[in-house]
Amino acid sequence: MNSERTEKKSSIAEQEKTGGNRRVGRKAGEPAFDMERRAVYRLAFEGVSLAQTLETIIADVEKRFPWRVAVWLFNEMQQSFTLKVAPGMSKSYCSAPRGALGNYGCARHALQTSATPLFLENIAEAAECAHCPQRIKMQALQRGAGFSALWSAPLANTQGESLGVMNFYARMPTQPNAEMQASFQRFALEAGRAVAFWEQEQQLRRALTVLSIANDGVIVTDVDARIVFVNKAWCERSGYSQEEAIGQRPSLVKSNLQGQAFYQEMWSILRENDEWQGEIVNRNKSGEALPQFLRVRGVRDKGVLTHYVGVITDLTRLKQSEREAEQLAHYDSLTRLPNRLLAISRLNFALEEAERNGSRLGVICINLDRFKNINNSLGYPTGDQVLQRIARRIKERVRGKDTLARLGGDEFMLIQEHVRHPDEVARMAQLMLELMRQPIRLEAENEVYTSASLGVSVYPEDGKTASELIQHADTAMYHAKKQGRDTFCFYTAELSLQMRQRMHLETQMRRALENGEFKLFYQPQADIVNGKINGVESLMRWKSPEFGSIAPGEFIPVAEQSGLIFNLGAWAMNEACAQARRWLDEGLPPLVMAVNVSVYQFRSKNLLSVVEEALKQSGLPAHYLEIELTESAFFEDAEEAITITHKLHDLGVKLALDDFGTGYSSLAYLSRFTLDKIKIDQGFVRDITSNTTNAAIASATIALAKSLNISSLAEGVENEHQLDFLRQRGCASVQGFLFSHPLDAEACTTFLREGKHLPVIPTLI
Ligand code: C2E
Ligand code: MG
Ligand code: MG
C-alpha cells in the first residue's frame, strides 16, 4: 500500500510540475475555492478529462488533510455506481467490483439527499456498509492502520440532483472538525460542479455527434438570425463550409423563388408560435435550386429567446420521384409524349387562352394507315420503333407552344395554338402527311413506309369544348380513311373543300414558279400636269394551264400564308428591274418602275438584299425603282419599319404608300417614314365625283401630301370627270384604265414607244 501511495504521490508531484497542474493549483493568496471555476474552465475548454480535474481537486485535499479521497459516480440513469478516481487508495480498493447500487451505503444516502453528508465512524462495523464489497472494507479491516472513518459528501448539480459521492477516508475513527467539514463540503461542491459540467458537455457532444451525422441539415442562429452552427449535412447540401456560414444570415442560401411576402409570413408565424414549418426552395453555392422541408423552432432559456434551430429535410429526391410519378401519369412511356390525360388538360388550357385572345385553335387527330400490318409482319418491337421515330419526326417540326400527344396505339393528336386562319392548320396537316410518307430506316437496314389519315377540327368553328373538338377531329379522321387514306379532312365538309383547294393551289403555285407561269404586267402612270408617262407599276399575273388566269388578289394571300411570297416576290423584283433596264437601254424616256412588296417580304430580314441584288443584276440605277408598301407594313413594329425604310432610302430607292386610306391612315407615318409618294386608293377615286366623303378624303390627302412635300398619285382613274377633279385638287399623277390597262411587257413597250400622253387641259400645254 505504501508503495502504491508513493506511486500516486509521485504522479501528483509530477502533475504539479506540469504547466497544466500549476495553472489549476492554488496560487498564493487566492481563495481556495476560486479554483473551482478555473478547474471547470479547463475541463470545458482545454480538453482536460474529468478524471484529471477530479484528481487535481483530490490532490489539493490530500495535501491539506490526512484524509484520502475517492469519487464515485452514478451513471446517467442512476442505476449503477462506479469508482471514478481514487488516486490515494490501494489497488484492492480501486478494483472493488461494481455492486448493485443498493449495496453501497454512501450511494443510498446520496440518492436520498444531496444536501447532507454521511459520517460513519467505523465502516467495518457500520450497518450502512453491511453489503459493501469486501475489498472496500478490507482496507479498513486487514490493517489496524487502515481506514476506519468515512465522511461521504454527495455530489450534486445545480438542480440539486445527486451525481455521486466524494468519500473522505480517515485512518482513525474520528469525525472531521467543523472547519474541516466546511472545507470538505466546498471540495465536494467543486467536484460536483466539475462532474455536472462534464455531464452536460457529454450530452452536448453526443447531441453534436448526432447532428453531425444526421441526414438532415441543421442550422442554428442567434436571435438576430446570425448563423452560429451548421452541421455537416447542411454544408454538404449548401456547398458552404462552416467557416463560410457562421456569422452569416440564412439568406445566404435564399433562392428568391419565394417572394418577400413568404418570408414575412414565415417570420411572423415564427415570432408568434416559436415554430414554423413548410416547404421552401433554397439555392446552393453554385446556384442550383434545393427544394427543402424546413422546421424552425425558437429556443428559450428561462423564457428568453436565445436561438433558432432549423432542421432541413432535402426534398430533391422526393420532388424527383414526384416528377417521375407525374411522368408516369401524364406521359406515354414509349414515345415520352404527353398522354391523353395531359393532352386534354393542355387543350382545356389552350381553349381558355384562345377564348381570351379571340384566336383560333386547331386539333389534328393522326392515325397511322395499316399500322396493324407493320406489327403483324415485322413484329411488335419494330412497331414500337416506328411509333417512336414518327413521334420524334413530328415533334421536331411542331412549334414549341403546340402539343403533340400520343393518345394510344397508333393514334396521335396535335394541338395547334394561336392560329389565325384555318389555313394554317391545313398547312400543318399537309406537312404531317408529308412527314409520314418519308420512309423510316430501321436498325436492321429495313425501310418501312407509312402514311397517315388526319382529321382536323378548328376552334371555334367546329366546337367550343375539348371533347367536342377531339370527337370532331376523330370523325374527320375516319372520313379521311374512307377517302382512301394518306389524306386529311376537316370536320366541316365546306372547310374541308376550301382547304383542299387552297392546298392544291399552293402546290400548283410552287410548280408554276418553277415553270415560269407567272408574268409581270405593267400599268403606265402619268404626270397629271404635262400628261407624260412618268412611271409604270408592275402587277403580277398567273396563267395556269389548270385554272386559267388567276388574279393576284387570289393567289398573293395564299403565297403569303405558305411562305412562297419570298421566292415569288424576289422573282418579281428581279424581273421588274430587268425590264426597266431594258427600256432604258432601248432609249425610251426614263421612268420609275414601281414594284409591290408584301408586308411579309417587308418584315423579312432579306428584303434589303433582294432589292440590292435585283439592282445589281439588272444594272438599274436605284432611283428608277419605287417600292410600294401598304400601311400594314407599319402596324406591328413601327420602329423596325422606320429602320427598314431608312435603309431602303439609303440605297437610293423610292418609297410609295399604296392603297392610302384603306388602313389606319395614320398621319404620323407620312412624316416618319421618309415616303416619296402616296397612292390614293381606287376606292376613293371610283365615286370621287358623287360621294362627298370620298371626295373630301381624296382632297385632304392631296393637300396633306403637298404640305409634306410628298408626291401623290390617284389609282383607278377610269374617266375624265375623275381626272378633272384630281387635277383641280392638285394631284400629281394618275394611273388607271382611262390611260391604260395593265399591259404585258411587249404591249407596254409599244405603248411607251408610241409616247402616249394623258389628255391634258389645252391651256396647260
Ligand atoms: P395594287 O397595288 O393597288 O394594284 C392596283 C390594282 O388596281 C391592280 O389590280 C390593277 O389592275 C387595278 N387597276 C388599275 N387601274 C384600274 C382601274 O382603272 N380600275 C380598276 N377597277 N382597277 C384598276 P391587280 O393587278 O389585280 O392587283 C391587285 C393587287 O395585287 C395589287 O393592288 C397589289 O396589292 C397586289 N399585287 C399585284 N402584283 C403584285 C406583286 O407583284 N407583288 C405583290 N406583293 N402584290 C402584288
Ligand atoms: Mg400597287
Ligand atoms: Mg393600290
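Here is a short chat about the ligand, the metal ions and a few backbone details in this predicted model.

Me: Let's start with ligand 1. How many residues surround it, and which are the closest?
Reply: There are 20 residues around ligand 1. R541, D658, Q682, E718 and F737 are the closest.

Me: And what kinds of residues make up that shell?
Reply: It's a mix: seven nonpolar, six polar and seven charged.

Me: Which side chains have a polar atom by an oxygen of ligand 1?
Reply: N596 is one of them, with a polar side-chain atom 2.9 Å from a ligand oxygen. Q682 is another, and its polar side-chain atom lies 2.7 Å from an oxygen of ligand 1.

Me: What about F737, is it side chain or backbone there?
Reply: Backbone. A backbone N or O atom of F737 lies 2.8 Å from an oxygen atom of ligand 1.

Me: OK, so how much of ligand 1 does the protein bury?
Reply: On its own, ligand 1 would expose 790 Å², and the protein buries 81% of that.

Me: Which elements give two or more residues to the shell?
Reply: Those are β19 (533–544), α19 (552–562) and β23 (654–660). The largest share is from β19, which gives four residues.

Me: What sort of space does ligand 1 take up?
Reply: The space it takes is the largest pocket.

Me: Switching to metals. What are the protein donors of the magnesium ion called ligand 2?
Reply: E537 (OE), N596 (OD1), E628 (OE) and D658 (OD), lying 2.0 to 2.2 Å from the ion. You've met N596 already, with its polar side-chain atom 2.9 Å from an oxygen of ligand 1.

Me: How are those donors spaced in the sequence?
Reply: The spacing is E-x58-N-x31-E-x29-D. Take E537 in strand β19 and D658 in strand β23: that pair links distant parts of the chain, 121 residues apart.

Me: Now the other magnesium ion, ligand 3. What are its protein donors?
Reply: D658 (OD), D659 (OD) and E715 (OE), with E715 (OE) listed twice. They lie 2.1 to 2.6 Å from the ion.

Me: And the spacing of the donor residues for that one?
Reply: D-D-x55-E. Here D659 sits in strand β23, while E715 is in the loop between β25 (711–714) and α27 (720–729), and the two are 56 residues apart.

Me: Which residue bridges ligand 2 and ligand 3?
Reply: D658 does, and the two magnesium ions lie 3.9 Å apart. D658 is also one of the residues closest to ligand 1.

Me: Last topic, the backbone. Which residues does the cis peptide bond join?
Reply: Y459 and P460, with omega at about 5 degrees. P460 is in the loop between β16 (452–459) and α17 (466–482).

Me: And what is phi for H418?
Reply: Near 50 degrees, which is positive even though the residue isn't glycine. H418 belongs to strand β13 (residues 411–419).

Me: Why point those two out?
Reply: Because most residues other than glycine have a negative phi, and most peptide bonds are trans.

Methods: Residues numbered from 1 in each chain as written. Chains lettered and ligands numbered in written order. Predicted model: local features only at pLDDT ≥ 70, side-chain atom pairs only at ≥ 80, totals over all residues. Heavy atoms only, no water. Near = heavy atom within 4 Å. Polar contact = N/O pair within 3.5 Å; in protein donor to acceptor, adjacent residues only side chain to side chain. Areas by Shrake-Rupley, 256 points an atom, 1.4 Å probe, with all protein chains shown as cover. 1 Å grid on protein atoms, 1.4 Å probe; cavity = no way out; pocket = protein on both sides within 12 Å on 5 of 7 lines; lining within 4 Å. Sits in = over half its atoms within 2 Å of the grid points. Nonpolar A, V, L, I, M, F, W, Y, C, P; charged D, E, K, R; others polar. Donors = N, O, S within 2.8 Å, 3.2 Å for Na, K, Ca; no water.
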